[in-house]
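Dear colleague,

I am handing over the structure below, and would be grateful if you could look through it alongside the notes that follow.

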Amino acid sequence: MVVLITGINGFIGRHLSRALLEKGYGVKGTVRSREKIVSLSEATNIYVTEDIGPTTDWSDILDNIDVIIHLAAHVHVMNKTSDNTLMEYRHVNTFGTEHLAVQAAAAGVKRMIYLSTIKVNGEMTNNKSFVEEAQPSPEDFYVL
């Protein structure tokens, strides 16, 4: 079985790719740029997708993929000067994800797992753990 992990160089992606490789899965991954690749196994095929959006061509990457674990997202606002932050998030996180799902279905991918962030619960817990039953408390456009 071959798994594609989008955002493979992120915190979850790095750990997940190692675990899947140890269990004998084939792993492919995507990053935004070659400079973003950090400590990934050489057994992993890495593809650069500079922009994830409603026109991204995933066709070559989706060849022979059984499962997609979609982790890639526009997440941080740090020092942004744009007046259109909400549309920047939606370009990737909404329209880009939808477009990937449509192309995956057309390519015969059997399953797509979409993981988002715990950030929906807020920025801090006041020394308590986040729990599933917590009232969502987002503080920026990432979770809208």
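In this predicted model, the side chain of Ser17 comes to 3.0 Å from the backbone oxygen of Arg14. Ser17 belongs to helix α1, which covers residues 11–22, and with a relative accessibility of 3% Ser17 counts as buried, because the cut-off for that class is under 20%.

As for the surroundings of that helix, the strands form an open sheet, five in number, which are arranged in the order β3-β2-β1-β4-β5 and pair in parallel fashion. The edges are taken by β3 (45–48) and β5 (111–114), each of which has a pairing on one side only, and from one strand to the next the twist averages 20°. Helix α1 packs on this sheet, where it touches β1 (2–6), β2 (26–31) and β4, and its direction makes an angle of about 170° with that of β1.

Towards the β5 edge, strand β4, made up of residues 67–70, runs parallel to β5 and is joined to β5 by 4 bridges; Val67, for its part, has Arg111 as its bridge partner in β5. Helix α2, spanning residues 85–107, lies across β1, β4 and β5, and its direction is at about 165° to β5. Strands β1 and β4 are thus touched by α1, and they are also among the strands that α2 lies across.

When you have the model open, Ser17 and its 3.0 Å approach to the backbone oxygen of Arg14 may be a convenient place to begin.

With best wishes

Note on methods: Residues numbered from 1 in each chain as written. Predicted model: local features only at pLDDT ≥ 70, side-chain atom pairs only at ≥ 80, totals over all residues. Heavy atoms only, no water. Helix = DSSP H or I, 4+ residues; strand = E, 2+ residues; numbered from the N terminus. Buried < 20%, exposed > 50% of the residue type's maximum accessible area, 1.4 Å probe, protein only. Polar contact = N/O pair within 3.5 Å; in protein donor to acceptor, adjacent residues only side chain to side chain. Pairing = 2+ DSSP bridges. Axes fitted to C-alpha atoms, helices over the stretch in contact; angles between N-to-C directions. Contact = heavy atoms within 4.5 Å.
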